[in-house]
Amino acid sequence: MSKIKGQNFRLLQNAAAIPEATNCSITLQGNTEDNSTKDTEGMFNQETIVSTQWSAQVDTQQSDTAALRAIISTFIAAQAVPVGWDQTAGAQNRVAQNANFKRSGQALLNDFTMNFNDRETVGVSLQFQGTGALS
């Protein structure tokens, strides 16, 4: 059984791997509600998932001013964009199409941070909040 390595797990935007990524994380969350009744035995709540949500976060290095402008434009537009993730073959922008891990959906760029440290490539952190189901 092969193991997936972090360097080969990439966040995708518009079906292409986000370039120069240094870190990414995916969060899938089930929102619960107490479903206990008078018939529930014991002291513990009986929880039920009532909704789900997902988000994706990626840290990148960006030296291209056009890429920075595109990120800012995406944020200002406040429109959902195609976002997903997949296992790559290891090379930048080359996606391996592993059906076990590949997921995609629409997401809003709801947070981003740009770090302009002296004598370093600009660091950008992007946070996408899923809107709708994953496929």
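## Gln 62, a pocket and two ring pairs

Let's start with one side chain: Gln 62 makes a polar contact of 3.5 Å with the side chain of Thr 60. Keep in mind that the model is predicted.

Gln 62 sits in strand β4. Is Gln 62 buried or exposed? With a relative accessible area of 8%, Gln 62 is buried, because the cut-off for that label is under 20%. Leaving aside residues up to four places away in sequence, Gln 62 touches Pro 19, Ala 67, Leu 68, Ile 71, Thr 121, Val 122 and Val 124.

**The pocket**

Some of those names come back around the largest pocket, where Gln 62 is one of the residues nearest the centre, together with Gln 13, Pro 19, Ala 67 and Ile 71. The lining counts 15 residues in total, and the space inside comes to about 260 Å³. Two or more lining residues come from each of β2 (16–17), α1 (65–77) and β7 (122–130). Which of the elements gives the most to the lining? That would be α1, with four residues. If you care about the chemistry of the wall, 10 of the lining residues are nonpolar, four are polar and one is charged.

**The chain as a whole**

Zooming out, the chain has one helix and seven strands. Read from the N terminus, the order is β-β-β-β-α-β-β-β. Of the 135 residues in the chain, 25% are buried. How do the contacts spread along the sequence? Taking those between residues at least 6 apart, 62% join residues at least 24 apart.

Leu 11 gives a local view of this part of the story. Leu 11 belongs to strand β1 (residues 9–13) and is buried, with a relative accessible area of 2%. The C-alpha atom of Leu 11 is separated by 7.8 Å from that of Ala 56, although the two residues are 45 apart along the chain. Ala 56 is also on the contact list of Leu 11, which skips residues up to four places away in sequence. From β2, Ala 16 and Ala 17 are on that list too. The rest of the list is Ile 18, Cys 24, Ile 26, Gln 57, Val 58, Val 83, Gly 84, Trp 85 and Phe 128.

**The aromatic pairs**

Trp 85 leads on to the rings. How many aromatic pairs does the structure hold? There are two. A pair of aromatic rings is described by the distance of the centres and the angle of the planes, and here are those values:

| Pair | Centre to centre | Angle between planes | Type |
|---|---|---|---|
| Trp 54 and Trp 85 | 5.9 Å | 65° | edge-to-face |
| Phe 75 and Phe 112 | 5.3 Å | 70° | edge-to-face |

What does the tryptophan pair tie together? Trp 54 is in strand β4 (residues 47–62) and Trp 85 in strand β5 (residues 81–87), so the pair ties together parts 31 residues apart in sequence. Both of these tryptophans, Trp 54 and Trp 85, are buried.

The phenylalanine pair links distant parts of the chain as well: Phe 75 lies in helix α1 and Phe 112 in strand β6 (residues 103–115), with their positions 37 residues apart in the count. Phe 75 has 37% relative accessibility, so Phe 75 counts as partly exposed.

Technical notes
Residues are numbered from 1 along each chain as its sequence is written. This is a predicted model: local features need pLDDT of at least 70, side-chain atom pairs count only at pLDDT 80 or more; totals for chains, interfaces and linings use all residues. Side-chain values use heavy atoms; hydrogens and water are left out. On a 1 Å grid over the protein atoms alone, a cavity is a set of points where a 1.4 Å probe fits but cannot get out, and a pocket is an open set with protein on both sides within 12 Å along at least five of seven lines; lining residues have an atom within 4 Å of a point. Grid points are joined across faces, edges and corners, and a volume is the space filled by probe spheres set on the points. Ala, Val, Leu, Ile, Met, Phe, Trp, Tyr, Cys and Pro count as nonpolar, Asp, Glu, Lys and Arg as charged, and the others, Gly among them, as polar. Rings of Phe, Tyr and Trp (its six-membered ring) pair if their centres lie within 6.5 Å; planes under 30 degrees apart count as stacked, over 60 as edge-to-face and the rest as tilted. Buried means under 20% relative accessible area, exposed over 50%, partly exposed in between (1.4 Å probe, protein chains only). A polar contact is a pair of N or O atoms within 3.5 Å; within protein, one must be able to donate a hydrogen and the other to accept it, and residues adjacent in sequence count only if both atoms are side-chain atoms. Contact means heavy atoms within 4.5 Å.
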